[in-house]
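Here are my notes for the file, set out as numbered points. Have the coordinates open while you go through them.

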Amino acid sequence: MDDLLPGFVAVEVAADADFEGELLPAEAAHLSPRAVASRRREFTAGRVCARRALGRLGVLGHPLTSAENRAPVWPGGTTGSITHTAGYCAAAVARTPQVRAVGIDAERRTILPANVRASICLPEELDWCARRPGEDWWPAVHFSAKEVVYKLWSPLVGTWLDFHEARLTLDVEAGTWTARIDPRKLDKSPGAPARFDGRFHVAPDLVRSAAVVPA
Ligand SMILES: CC(C)(COP(=O)(O)OP(=O)(O)OC[C@H]1O[C@@H](n2cnc3c(N)ncnc32)[C@H](O)[C@@H]1OP(=O)(O)O)[C@@H](O)C(=O)NCCC(=O)NCCS
């Protein structure tokens, strides 16, 4: 994931052992006792990676709890993001106020069903994907980038953002994307950023996206 982020962001990608790591008591309290084994493993790997990344910023042993909206509660002076998908987990953290928000996302490179594609992509985004026959991963790239947009929007603005409230344009050669927020949403969101700029990468089995909002 660090290939998609500037060097001042500390990034940790989980090794196999991290999925079996230790949670701090305050973190374990945020995992439902009914959590299935796969949820326990991904939650654990996310916390272990996030604490290791925070350690690189000099923040040691701080439990990473979750807010009511499920967002991680980052220690004072830091912000970050966690992602996990089958067999892959990463965390990225940076210092505030130099960085206002960090967003990362990873998804398995699957072919999304038509109804899912339509719920994520605007008609013009679907048209863009349709102009790339045989490259069936582009809707998954849109999904991943929009998840990043939400992980930036949510801590900065504090409200819900629908998939159709961000319009994505991708530069395939550069591996970059820009998300522009629907002006009607901005009218209802004083001070909210109007656009987010990020990077993406497509591997045979994994799609990754990331972005930061600088000060
Ligand atoms: C929250 C959401 C973005 C998570 O994405 P995901 O692909 O399902 O899952 P990921 O593994 O990549 O990320 C999960 C992590 O995101 C983090 N997260 C959850 N809610 C969050 C929020 N509101 N803000 C920031 N981070 C959040 C958590 O760390 C979570 O892991 P944890 O529960 O183990 O701590 C997604 O579930 C969601 O609700 N999406 C709908 C909103 C949206 O994406 N709108 C698009 C706007 S263009």
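**Notes on the strands and the annotated site**

1. Let's start with Thr83: its relative accessibility is 2%, so it counts as buried, the cut-off for that being under 20%. Keep in mind that we're looking at a predicted model here.

2. Where does Thr83 sit? Its place is in strand β2, which runs over residues 78-85. Setting aside neighbours within four places in sequence, Thr83 is in contact with Met1, Tyr88, Cys89, Ala90, Ile104, Asp105, Ala106 and Lys151.

3. Follow strand β2 across to its partner. β2 and β3 pair in the antiparallel sense, with 8 bridges between them, and Thr79 has Ala94 in β3 as its bridge partner. The two strands form a hairpin with 2 residues between them. In that turn, have a look at Gly87, whose phi is positive at about 80 degrees.

4. Strand β3 also pairs with β1 (residues 10-13), again in the antiparallel sense, and here there are 4 bridges. Val11 is the residue to click on: Ala92 in β3 stands opposite it. As for burial, 7 of the 8 residues of β3 (residues 88-95) are buried, so the strand is largely enclosed by the rest of the structure.

5. Asp105 turned up among the contacts of Thr83, and it deserves its own point. Asp105 lies in strand β4, residues 99-108. Is Asp105 buried or exposed? With a relative accessible area of 3%, Asp105 is buried.

6. The surroundings of Asp105, not counting residues up to four places away in sequence, are Met1, Thr83, Ser144, Glu147, Val148, Lys151, Val207, Arg208 and Ser209. With Ser144 there is something more specific: a polar contact of 3.0 Å joins the side chains of Asp105 and Ser144.

7. Now for the annotation. The unreviewed UniProt entry lists Arg39, Arg47, Thr83, His84, Asp105, Glu147, Lys151 and Leu161 under "binding site". These residues span 123 residues in sequence and their farthest two C-alpha atoms are 25.2 Å apart, so they do not all gather at one spot. Of the listed residues, the lining of the largest pocket includes Arg39, Arg47, Thr83, His84, Asp105, Glu147 and Lys151.

8. One last thing to check on screen: Thr83 and Asp105 both appear in the UniProt list, and both belong to that pocket lining. Lys151 is another pocket-lining residue, and it is in contact with Thr83 as well as with Asp105.

Definitions and conventions:
Residues numbered from 1 in each chain as written. Predicted model: local features only at pLDDT ≥ 70, side-chain atom pairs only at ≥ 80, totals over all residues. Heavy atoms only, no water. Buried < 20%, exposed > 50% of the residue type's maximum accessible area, 1.4 Å probe, protein only. Pairing = 2+ DSSP bridges. UniProt positions renumbered as here; feature names shortened; annotations may be inferred. 1 Å grid on protein atoms, 1.4 Å probe; cavity = no way out; pocket = protein on both sides within 12 Å on 5 of 7 lines; lining within 4 Å. Contact = heavy atoms within 4.5 Å. Polar contact = N/O pair within 3.5 Å; in protein donor to acceptor, adjacent residues only side chain to side chain.
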